Amino acid sequence: MSWMKGDLLSKTRRLVGGLATREPVWLKAMEASPPPVFPRSNGKIQRIVLPEDPYVRKFANKHPGTKIDDPAKISAFVPDQARVYGCRVLELKEHGISEDDAMSVANMEYLSERKEMKKAYKRLKELAKMQDKDPPPKPYPSAKKGLITQSKKSAKDRFQTPSVRRLVNQLKTEKDVLLQDRTGGSANQDNWIDE
């Protein structure tokens, strides 16, 4: 279908030229000032690579607890710690420091900042305890605790999944039938999951 190729202006010209439709009111105005034509990709989308990306990856490997898993928490105004680390390494390299030294200096800066944040959080916790209030959320939550809470959540949710519930109910009915065949009585004596 060659008549489907092209933009709105070329399609409309072909339809009007072939007497398939009447000439729309807006056609002459659009021919006088056609819309801009944007370049199209060849189907190959290039990855966006920033200069600090290798350092961000190294930082994430060294400090796995700082990874941002939730894309909603990413903000362009407050960069994550790995991005700050990468920018700091590049800044130090521009001043003539070797890459290894720049990485170690940026890492020491990160660790000292983290230590200060932990001290400030400890003080905030003490103040909240004195005022009988709930403590504020941790600035740097533990990566291990995050993994533990995720595994606990999935363990609790496994009985809420419909396919698992169906399987449990099927096993329950099979057990009831087997027990009724053997004893001739009610088989609902065990603690099975009820709907």
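Student: Why are α4 and α5 called oblique to each other?

Tutor: This is a predicted model, where local features need pLDDT of at least 70, side-chain atom pairs count only at pLDDT 80 or more, and totals for chains, interfaces and linings use all residues. Residues are numbered from 1 along each chain as its sequence is written, and side-chain values use heavy atoms, without hydrogens and water. Now the angle. α4 and α5 pack at about 140°. Angles under 35 degrees count as roughly parallel, over 145 as roughly antiparallel, 65 to 115 as roughly perpendicular, and the rest as oblique. The pair α4 and α5 is therefore oblique.

Student: What makes an angle of about 140° possible for α4 and α5?

Tutor: Angles run from 0 to 180 degrees between N-to-C directions, and axes are lines fitted to C-alpha atoms, for helices over the stretch in contact. The axes of α4 and α5 are 9 Å apart.

Student: Which residues of α4 and α5 meet?

Tutor: Contact means heavy atoms within 4.5 Å. From α4 come Q81, Y85, R88, V89, L92 and K93. They meet E99, A102, M103, V105, A106, N107, E109, Y110 and E113 of α5.

Student: How do you know that α3 and α4 are oblique?

Tutor: Helix α4 spans residues 81-94, and its axis crosses that of α3 at roughly 130°. That angle belongs to none of the named ranges, so α3 and α4 are oblique. Their axes come within 8 Å. On the α3 side, D53, Y55, V56 and F59 make the contact. Among their partners in α4 are Y85, V89 and L90.

Student: Why are α3 and α5 called oblique?

Tutor: Helix α5 covers residues 99-130, and the α3 and α5 axes cross at roughly 50°. The outcome is again oblique for α3 and α5. These axes come within 12 Å. Y55, K58, F59 and K62 of α3 touch E99, M103, N107 and Y110 of α5.

Student: What makes up the lining of the second largest pocket, by class?

Tutor: Three lining residues are nonpolar, none is polar and five are charged. Asp, Glu, Lys and Arg count as charged; Ala, Val, Leu, Ile, Met, Phe, Trp, Tyr, Cys and Pro as nonpolar; the others, Gly among them, as polar. The lining consists of R47, I48, V49, D53, V56, R57, D80 and R83.

Student: Which helix gives the largest share of that lining?

Tutor: Helix α3, residues 53-62, with three residues. The second largest pocket holds about 170 Å³ of space.

Conventions. On a 1 Å grid over the protein atoms alone, a cavity is a set of points where a 1.4 Å probe fits but cannot get out, and a pocket is an open set with protein on both sides within 12 Å along at least five of seven lines; lining residues have an atom within 4 Å of a point. Grid points are joined across faces, edges and corners, and a volume is the space filled by probe spheres set on the points. Helices (H or I, at least four residues) and strands (E, at least two) are DSSP runs, numbered from the N terminus.
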